[in-house]
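Open your viewer and get the selection panel ready. This short tour tells you what to pick at each stop and what you will find there.

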Amino acid sequence: MSRESELRNNVYDAIQAYCDEQHNFSFNAEKPVVRLHEPTFGADEINAAVDCMLSTHVTMGKKVKAFEREFSDAFGWRHGVMNNSGSSANLLAIAVLANPLTEDALKPGDEVIVPALSWSTTVWPLIQCGLIPVIVDIDPDTLNIDPNEIERAIGPKTRGVMPVHIYGNPCDMEALIEICQRKNLVLIEDCCEALGAYYDGSAVGTFGRVGTFSFYYSHHMTTLEGGICVTNDTGLAESMRILRAHGWIRETENKQVWLDKYPDVDERFLFVNVGYNLRATELQGAMGSVQLPKLAGFVDIRRKNAEWFRRELSQVENFFEFQAETPKGYHSYFGFPMKVAIGAPFDVKALRENLEKNGIETRPIICGNIALQPAMALYEHRTVGNLAHATDVMNRGFSFGNHQAIDADARNYILEKIANFVRHVS
Ligand SMILES: Cc1ncc(COP(=O)(O)O)c(C=O)c1O
């Protein structure tokens, strides 16, 4: 064995030993805590990242490329363009669709329809690219964008729709595709909460022109921070590689096109468009490759937990409403969201406080009605109708953790605390 391999193995073994001894994220009845998320990564992922550091190949390169290929192949997409976050993926997706080199590009002042229940950085990239967000209400059962509200919102300046698969519950893609085709609208899927989700047998992501995913620490699988744009459009993928990195051709797959076009500029430093720096690191790519084969198993646990929670909690009086799964959808359960029913003898705040007091972390469902967030008042946008269902989610909704480390003991603990609370107040 070479000296290098020997040293490296020592590092790996030490990391493995540390994780074996120090990382135990399962529920402990003596110190009961149920977090919104627990790390999905362990010694294998840490070693993959450390390996990049030891090799000193840390900036975007072969490992990111390999992960892009593996991730795309796993779900049947042609291209993946990895970024440093899901927010960056959303920014890149919108930036490329609004770029003058893109065919039929979105223009400043064009409108894109988004659900009122969405994440901040679903909407911000639209504003950042000079587009006008049009905010429409959700279906109160699935919590996803309501196709009827999209129809209602379409005006002369509407050019696109950007649905969010809320908590991994796929949107009604059949209806969305039909509207987008009939009205000639570009469809961009924000799948940042929907790793491992399918609609009608196909992974969410490329029902439209481009889709985005997040690998943030708390998601179904992680690269710590990280994201990816997926598309079946080769030209769009190539443009995203340019916009992702300074407007540079360095990471393009077909450099020759550009070199032939601009033979007088140093080919190593040829900039053919505007751009950002949204690149991922090699550490992120390496971690992604180790995490990816584990994703389906993690999703399976989340789905089984969700089924259990729905069944057991519906027996605790009639005080809760659960997210309805979309027909034809395969839900990947980013968390377990629910609403306190109207007429329940308690409000969501009291319940959340009680759960938190008992060590069960909770959170609002995404950012509630985005139109009610203060930032929206600073920028031009349009709202359609009163967005009552999204506001309702903000007022009556919450979620608790439903992740790969939630086991039978954790589930029973959550159920017991909710049942005790309900018994006490009713
Ligand atoms: C719907 C949605 N879009 C975008 C993002 C942004 O992803 P990131 O946190 O990786 O920037 C999130 C984050 O969870 C999200 O829930």
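Start by selecting helices α4 (86–97) and α5 (120–128): each of them supplies at least two residues of the shell around the ligand. Which helix gives the most to that shell? It is α4, with three residues. Keep in mind as you look around that this is a predicted model.

Next, show everything that surrounds the ligand, which comes to 15 residues. The closest are Gly86, Ser87, Asp190, Glu193 and Ser214. Colour the shell by residue class and you will see four nonpolar, nine polar and two charged residues.

Now zoom in on the polar contacts, one residue at a time:

- Select Gly86, where a polar backbone atom is 2.8 Å from an oxygen atom of the ligand.
- Move on to Glu193, which places a polar side-chain atom 2.7 Å from a ligand oxygen atom.
- Then pick Ser214, whose side chain has an N or O atom 2.7 Å from an oxygen atom of the ligand.

How much of the ligand's accessible area does the protein cover? On its own the ligand has 390 Å² of accessible area, and the protein covers 91% of that. Switch on a surface here, and you are looking at the largest pocket, the space taken by the ligand.

For the last stop, leave the ligand and display the aromatic rings, which form 25 aromatic pairs. One of the pairs is Phe67 with Phe71, a tilted arrangement with 5.6 Å centre to centre and 40° between the planes. Both sit in helix α3 (residues 62–75), and because they are four residues apart there, about one helical turn separates them.

Technical notes: Residues numbered from 1 in each chain as written. Predicted model: local features only at pLDDT ≥ 70, side-chain atom pairs only at ≥ 80, totals over all residues. Heavy atoms only, no water. Near = heavy atom within 4 Å. Polar contact = N/O pair within 3.5 Å; in protein donor to acceptor, adjacent residues only side chain to side chain. Areas by Shrake-Rupley, 256 points an atom, 1.4 Å probe, with all protein chains shown as cover. 1 Å grid on protein atoms, 1.4 Å probe; cavity = no way out; pocket = protein on both sides within 12 Å on 5 of 7 lines; lining within 4 Å. Sits in = over half its atoms within 2 Å of the grid points. Nonpolar A, V, L, I, M, F, W, Y, C, P; charged D, E, K, R; others polar. Phe/Tyr/Trp six-rings, centres within 6.5 Å; stacked < 30°, edge-to-face > 60°.
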